[in-house]
Amino acid sequence: MIEKLNVVPFVSVDHMMKLVLAIGVERFLVELADEIETDFRRWESFDKTPRVASHSKEGVIELMPTSDGEVYGFKYVNGHPKNTREGRQTVTAFGVLADVGTGYPVLLTEMTILTALRTAATSALAAKHLAPRGARTMAMIGNGAQAEFQALAFKALLGVDRLRLYDIDRTASVKCVRNLAGMGLDMTICGSIEEAMEGVQIVTTVTADKQNATILTDNMVGTGLHINAVGGDCPGKTELHPDILRRSDIFVEYPPQTRIEGEIQQLPPDHPVTELWQVIAGRAPGRSDARQITLFDSVGFAIEDFSALRYVKRQIERTGLYEELDLLADPDDPRDLFGMLLRAQAAAPTAA
Ligand SMILES: NC(=O)c1ccc[n+]([C@@H]2O[C@H](COP(=O)([O-])OP(=O)(O)OC[C@H]3O[C@@H](n4cnc5c(N)ncnc54)[C@H](O)[C@@H]3O)[C@@H](O)[C@H]2O)c1
């Protein structure tokens with residue numbers, strides 16, 4: 001346990017990687033999905049708001065806050081599809097947990113890797129309730145930073161062990177195959193989306209493009225398919241033709257946010273959708289028919305990050321994989337902040 005009042009545990013990218021590898025990627029995904037499932041069951045105990053987005057021509061920067069009354073969490077995340085051309089990530093993130101009682105932060109952590117893990121864990125959790133029973137084959141359209149995490153979450157949670165990969169940049173698919181080699185997946189790189197869709201029960205779309213793209217058209221989507229649509233997550237940034245949406249039963253995280261950001265921004269604002277938490281809590285049906293087309297219109301919601309932050313906090317307390325960050329001023333007399341500054345000057349006079 002961290003006792004010093006001025007110190008906040010900080011998880012760097014290096015420590016996050018060590019933590020994920022120490023736990024094992026698949027076990028981490030399974031435990032994280034459990035954590036998210038538990039929080040979705042108590043959905044009503046959280047403060048909820050659509051994330052606060054600052055859009056620009058190049059991308060978006062977003063803040064994602066929530067609280068359960070005891071713990072507060074937020075994530076800073078960006079989405080800049082052009083970044084990979086300059087050697088940068090499309091999505092980077094960091095996040096904070098804080099104690100509601102004192103307002104003091106209790107964790108600061110990288111969340112670029114953690115976002116990929118929590119997005120994949122949420123996708124697979126949704127698919128557990130929505131995908132056809134016994135699904136083993138998934139098409140993955142878009143093979144960038146999120147792709148391997150998605151693949152391993154579907155393997156760990158659903159037993160999906162055949163992947164059909166497509167990316168407009170074949171080197172991304174080759175990278176995916178290289179990274180996932182020896183992990184129990186049978187992988188095929190396909191030359192077109194149509195080819196990738198052959199014989200699959202699930203399709204994950206996880207492309208990055210700052211526009212209303214049409215990754216899937218209606219003719220590609222057969223009855224009984226589960227669609228895990230991850231890449232359409234901003235106003236004006238979608239992946240599915242609207243005809244697909246009209247044929248699907250649509251499941252979302254938080255409707256007020258998804259209606260702005262998700263695939264359903266293409267539909268009238270009163271188009272019926274089911275909230276995923278209600279399915280998880282047993283209050284609404286998930287898949288009820290083998291011929292049904294189910295769509296998880298994923299955009300990413302603050303409660304998933306809250307769950308991920310709390311999971312990481314427990315794991316670093318267990319493993320010690322963090323640094324102590326001198327983040328909070330802590331004068332002996334709480335009202336003597338200025339005196340603390342003066343004493344620091346006396347201790348180490350500044351160069352003239
Ligand atoms: N829903 C969520 O919770 C959530 C979370 C994280 C990221 N995302 C979104 O997921 C998407 C992927 O993120 P990433 O970090 O993997 O990005 P990335 O840039 O690393 O990878 C995207 C891949 O998509 C490919 N691509 C682009 N257009 C394509 C097309 N028309 N057909 C096939 N492939 C295409 C690119 O070549 C690239 O390999 C982004 O749009 C991001 O905003 C969503």
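Here are some friendly notes on the fold, the two domains, two helix pairs and the ligand shell of this structure.

1. **What kind of model this is.** Please keep in mind as you read that this is a predicted model. The points below go from the whole chain down to its parts.

2. **The chain as a whole.** The chain is built from eleven helices and 17 strands. Its radius of gyration is 22 Å, close to the 20 Å that the globule rule gives for 352 residues, so the chain is as compact as a globular protein of that length. Measuring tape aside, the C-alpha trace spans about 75 × 40 × 40 Å along its principal axes.

3. **Two domains.** The domain assignment splits the chain into domain 1 (7-113 + 304-334) and domain 2 (120-300). Domain 1 is thus given as two stretches of the chain, 7-113 and 304-334. The C-alpha centres of domain 1 and domain 2 lie 24 Å apart. Domain 1 puts 23 residues into the contact, and domain 2 puts in 26 residues.

4. **The domain 1 side of that contact.** Which helix should you look at here? Helix α2 (residues 25-41) gives the largest share of the side of domain 1 that touches domain 2, with ten residues. By class, this side of domain 1 has twelve nonpolar, five polar and six charged residues.

5. **Helix α2 against helix α4.** Helix α2 also packs with helix α4 (residues 147-158), at an angle of about 70° and with the axes 9 Å apart. At that angle, α2 and α4 are therefore roughly perpendicular to each other. From α2 come V25, E26, L29, V30 and A33, and they meet L152, A153, K155, A156 and L157 of α4. This contact of α2 with α4 has eight nonpolar residues, no polar ones and two charged ones.

6. **Helix α1 against helix α10.** A second pair to view is helix α1 (residues 13-23) with helix α10 (residues 302-319), whose axes come within 11 Å and cross at roughly 85°. These two helices, α1 and α10, are therefore roughly perpendicular to each other. On the α1 side the residues are L19, A22 and I23, and on the α10 side they are Q315, I316 and T319. Four nonpolar and two polar residues make up the contact of α1 with α10, with no charged residues.

7. **Around the ligand.** Which residues come nearest to the ligand? Of the 29 residues around the ligand, the nearest are G142, G144, A145, A172 and G300. Sorted by class, the shell has twelve nonpolar, 13 polar and four charged residues.

8. **Where the shell comes from.** Domain 1 and domain 2 each give at least three residues to the shell around the ligand. Among the secondary-structure elements, α3 (112-130) and β11 (212-216) each supply at least two residues of this shell. If you have the structure open, α3 and β11 are handy elements to find when you look at the ligand shell.

Note on methods:
Residues are numbered from 1 along each chain as its sequence is written. This is a predicted model: local features need pLDDT of at least 70, side-chain atom pairs count only at pLDDT 80 or more; totals for chains, interfaces and linings use all residues. A residue is near a molecule or strand if its C-beta atom, placed from the backbone, lies within 6 Å of it. Helices (H or I, at least four residues) and strands (E, at least two) are DSSP runs, numbered from the N terminus. Ala, Val, Leu, Ile, Met, Phe, Trp, Tyr, Cys and Pro count as nonpolar, Asp, Glu, Lys and Arg as charged, and the others, Gly among them, as polar. Domain bounds come from an automatic or database domain assignment. Two residues are in contact if their C-beta atoms, placed from the backbone, lie within 7 Å. Axes are lines fitted to C-alpha atoms, for helices over the stretch in contact, and angles run from 0 to 180 degrees between N-to-C directions. Angles under 35 degrees count as roughly parallel, over 145 as roughly antiparallel, 65 to 115 as roughly perpendicular and the rest as oblique. The radius of gyration is taken over C-alpha atoms; the globule rule is 2.2 Å times the number of residues to the power 0.38.
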